[in-house]
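Here is an informal walk through a protein chain. Keep the viewer open while you read, and follow along piece by piece.

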Amino acid sequence: MTINDAKRLAEQGLFSDAIDLLTSIITENPENADAFFERGKLYWRTGNRSAATTDYAHSASLQPDGPAARALEMARDIESYFNPDLLNP
């Protein structure tokens, strides 16, 4: 199975299956930055922000110039955003 297979599963809405497949790929090759990045995107999409950020960080450590570095920066910006007006509508 490949990362593209996981992407196809995600396109079909089978996020859990796609995450499981990417986890298997990572288990077989823990240096696969692309697999960490793709799994991070799926975690983010399913609302698991903490796991997504962890995967982005790991991917960025493996591939500093890869897309996960930018995704990690954006995720941290989103997590640190605070708008007091939203607390008192």
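What follows goes from the overall fold to the helix pairs, then to an aromatic pair and two single residues.

**The whole chain**

First, a reminder that this is a predicted model. The chain has 5 helices and 0 strands, so to speak an α-α-α-α-α pattern when read along the sequence. Its C-alpha trace spans about 50 × 30 × 15 Å along the principal axes. Of the 89 residues, 37% count as buried. As for how the chain comes back to itself, take the contacts between residues at least 6 apart in sequence: 36% of them join residues at least 24 apart.

**Two helix pairs**

Two packings are worth a look, and here they are side by side.

| Pair | Angle | Axes |
|---|---|---|
| H1 (residues 3-11) and H2 (residues 15-28) | about 165° | 7 Å apart |
| H4 (residues 49-62) and H5 (residues 67-80) | roughly 145° | within 8 Å |

Start with H1 and H2. How do these two helices run relative to each other, roughly parallel or roughly antiparallel? With an angle of about 165°, and over 145 degrees being the cut-off, H1 and H2 are roughly antiparallel. H1 passes H2 in a left-handed crossing. On the H1 side, the contact is made by Ile3, Asp5, Ala6, Leu9 and Ala10, while H2 brings Phe15, Asp17, Ala18, Leu21, Leu22 and Ile25. Sort those residues by character and you get 9 nonpolar, no polar and 2 charged.

Now move on to H4 and H5, whose crossing is left-handed. Here Arg49, Thr53, Tyr56, Ala57, Ser59 and Ala60 of H4 meet a set from H5, namely Ala68, Ala69, Ala71, Leu72, Ala75, Arg76 and Glu79. That contact divides into 8 nonpolar, 2 polar and 3 charged residues.

**The aromatic pair**

How many aromatic pairs does the structure hold? There is 1. It is made by phenylalanine 37 and tyrosine 56, with ring centres 5.9 Å apart and planes at 45°, so the pair counts as tilted. Phenylalanine 37 sits in helix H3 (residues 33-45) and tyrosine 56 in helix H4, which puts the partners 19 residues apart and links distant parts of the chain. Are phenylalanine 37 and tyrosine 56 buried or exposed? Both are buried. Tyrosine 56 has turned up already, as Tyr56 among the H4 residues that meet H5.

**Two residues to click on**

Isoleucine 25 belongs to helix H2, and Ile25 is one of the residues in the contact with H1. At 11% relative accessibility, isoleucine 25 counts as buried. Leave aside its neighbours within four places in sequence, and isoleucine 25 is in contact with Met1, Thr2, Ile3, Asn32 and Ala35. If you want a distance to check, isoleucine 25 and phenylalanine 36 are 9.2 Å apart, C-alpha to C-alpha, and 11 residues apart in sequence.

Proline 30 is in the loop between H2 and H3. Its relative accessibility is 42%, so proline 30 counts as partly exposed. Which residues does proline 30 touch, not counting those up to four places away in sequence? They are Phe36, His58 and Leu62. Lysine 7, on the other hand, lies 19 Å from proline 30, C-alpha to C-alpha, with 23 residues of sequence separation.

Note on methods
Residues are numbered from 1 along each chain as its sequence is written. This is a predicted model: local features need pLDDT of at least 70, side-chain atom pairs count only at pLDDT 80 or more; totals for chains, interfaces and linings use all residues. Side-chain values use heavy atoms; hydrogens and water are left out. Axes are lines fitted to C-alpha atoms, for helices over the stretch in contact, and angles run from 0 to 180 degrees between N-to-C directions. Helices (H or I, at least four residues) and strands (E, at least two) are DSSP runs, numbered from the N terminus. Angles under 35 degrees count as roughly parallel, over 145 as roughly antiparallel, 65 to 115 as roughly perpendicular and the rest as oblique. A crossing is left-handed if the near helix is turned anticlockwise from the far one by less than a right angle, and right-handed if clockwise. Contact means heavy atoms within 4.5 Å. Ala, Val, Leu, Ile, Met, Phe, Trp, Tyr, Cys and Pro count as nonpolar, Asp, Glu, Lys and Arg as charged, and the others, Gly among them, as polar. Rings of Phe, Tyr and Trp (its six-membered ring) pair if their centres lie within 6.5 Å; planes under 30 degrees apart count as stacked, over 60 as edge-to-face and the rest as tilted. Buried means under 20% relative accessible area, exposed over 50%, partly exposed in between (1.4 Å probe, protein chains only).
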